[in-house]
Amino acid sequence: MTSTVKYDWYQSDTTITITVLLKNAADKNYSVTIAPDSLRMVADGIEPIVLNLWDTINVENSSHKATPSKVEIKLAKLVGHRWAALEKQQELASAQSLPKTSAHDWDKITKEIEKQEELEKPQGDEAVQTLFQKIYADANENTKKAMMKSFYESNGTVLSTNWDDVGSKQVEVKPPDGCEFKQWK
């Protein structure tokens, strides 16, 4: 059984970016074929996306990559100008690919991506790293300084967010219980 997936696109004067909402694309054996005037994407369980591009692109400078929630396809324009549409003939493409919308609802797209990313909760070490990154990103300058100083001076064994505790003294190495710290030379 095949299903359709949503995609959207935006452009600059030099590139076209197509975002295909496809969770775990690598697991679905996705492939993208880029030609000077067309694009084709196939994956297990979805209808192929076939686009007859509005204008010619530079295939060698175009690329694609998969993330946990989407496939992002970047097409390098051969001539730097704005395209009137993604495809030359919308009516032919709609029979072969996904439903099109005349206007982009960026808020809706952003909410869908954020919802998918929320569902993909990281596990183990990745969850800890994500937590520390969020704490650091949301922190004030003193908290950031405390985190950097404590982590660096303790060789990664201490992470403090309190600048008053670590700002005026050297942070000691404190390995986990049952572990011994060795200085490598």
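Is tryptophan 106 buried, partly exposed or exposed? In this predicted model, tryptophan 106 counts as partly exposed, because its relative accessibility is 39%, a value between the 20% limit for buried and the 50% limit for exposed. Tryptophan 106 is also one member of an aromatic pair, and the structure holds one such pair. Its partner is tyrosine 10; the two rings are arranged edge-to-face, with 6.0 Å from centre to centre and 75° between the planes. Tyrosine 10 belongs to strand E1 and tryptophan 106 to helix H2, so the pair ties together parts that are 96 residues apart in sequence. Tyrosine 10 likewise counts as partly exposed, because its relative accessibility is 36%.

From tyrosine 10 the reader can move along strand E1 to its partner strand. E1 and E2 run antiparallel and are joined by five bridges. The connection between E1 and E2 is a hairpin of three residues. Within this pairing, glutamine 11 stands opposite isoleucine 16 of E2. E2 has a further partner in E7: six bridges join E2 to E7, and these strands too run antiparallel. Here threonine 17 of E2 stands opposite lysine 74 of E7.

Strand E2 is mostly covered, with five of its six residues buried. Threonine 19 lies in this strand. Its relative accessible area is 13%, and threonine 19 is therefore buried, the limit being under 20%. Leaving out residues up to four places away in sequence, threonine 19 touches Lys6, Tyr7 and Asp8, and also Lys70, Val71 and Glu72. Valine 20 can be read in a similar way. Beyond its neighbours within four places in sequence, valine 20 is in contact with Val5, Lys6 and Tyr7, with Met41 and Ile49, and with Ser69, Lys70, Val71 and Ile73.

Valine 20 leads to the nonpolar interior. The largest nonpolar core has 24 residues, and valine 20 is among those with the most contacts inside it, together with Ile18, Leu22, Met41, Ile73, Leu75 and Leu86. Several strands contribute: E1 (7–11), E2 (15–20), E3 (31–35), E4 (38–42), E5 (49–52) and E7 (71–77) each supply at least two residues of this core. In soluble globular proteins, nonpolar side chains tend to be buried together.

The charged side chains come next. Side chains of opposite charge can pair when their charged atoms come close. A search of the whole structure finds four salt bridges. One of these is formed by glutamate 112 and lysine 6, whose closest N and O atoms are 3.3 Å apart. Glutamate 112 is in helix H2 and lysine 6 in the segment before E1, so that the pair links distant parts of the chain, 106 residues apart. Both ends are accessible to some degree: glutamate 112 counts as partly exposed because its relative accessibility is 22%, and lysine 6 counts as partly exposed because its relative accessibility is 49%.

Another salt bridge joins arginine 82 to aspartate 13, with 3.4 Å between the closest N and O atoms. Arginine 82 lies in the loop between E7 and helix H1 (90–96), and aspartate 13 in the loop between E1 and E2, so this pair ties together parts that are 69 residues apart in sequence. Arginine 82 is exposed, because its relative accessible area is 51%, whereas aspartate 13, at 42% relative accessibility, counts as partly exposed.

A further salt bridge is found within one helix. Lysine 149 and glutamate 153 both lie in helix H4 (residues 141–153), four residues apart, which is about one turn of the helix. Their closest N and O atoms are 2.8 Å apart. Both lysine 149 and glutamate 153 are buried.

Two other lysines have their charged ends over aromatic rings. That of lysine 144 sits over the ring of tyrosine 136, 5.3 Å from its centre. That of lysine 145 sits over the ring of tryptophan 163, 4.7 Å from its centre.

One more lysine remains to be placed. Lysine 121 is found in the loop between helix H2 (106–119) and helix H3 (124–138). Lysine 121 counts as exposed because its relative accessibility is 57%. Measuring from C-alpha to C-alpha, lysine 121 is 31 Å from glutamine 11, and the two are 110 residues apart in sequence.

Technical notes:
Residues are numbered from 1 along each chain as its sequence is written. This is a predicted model: local features need pLDDT of at least 70, side-chain atom pairs count only at pLDDT 80 or more; totals for chains, interfaces and linings use all residues. Side-chain values use heavy atoms; hydrogens and water are left out. A nonpolar core is a set of buried Ala, Val, Leu, Ile, Met, Phe, Trp, Tyr and Cys residues joined through side-chain atoms within 4.5 Å. Buried means under 20% relative accessible area, exposed over 50%, partly exposed in between (1.4 Å probe, protein chains only). Contact means heavy atoms within 4.5 Å. Two strands pair if DSSP finds at least two bridges between them. Rings of Phe, Tyr and Trp (its six-membered ring) pair if their centres lie within 6.5 Å; planes under 30 degrees apart count as stacked, over 60 as edge-to-face and the rest as tilted. A charge sits over a ring if NZ of Lys or CZ of Arg is within 6 Å of the ring centre and within 35 degrees of the ring normal. A salt bridge is a side-chain nitrogen of Lys or Arg within 4 Å of a carboxyl oxygen of Asp or Glu.
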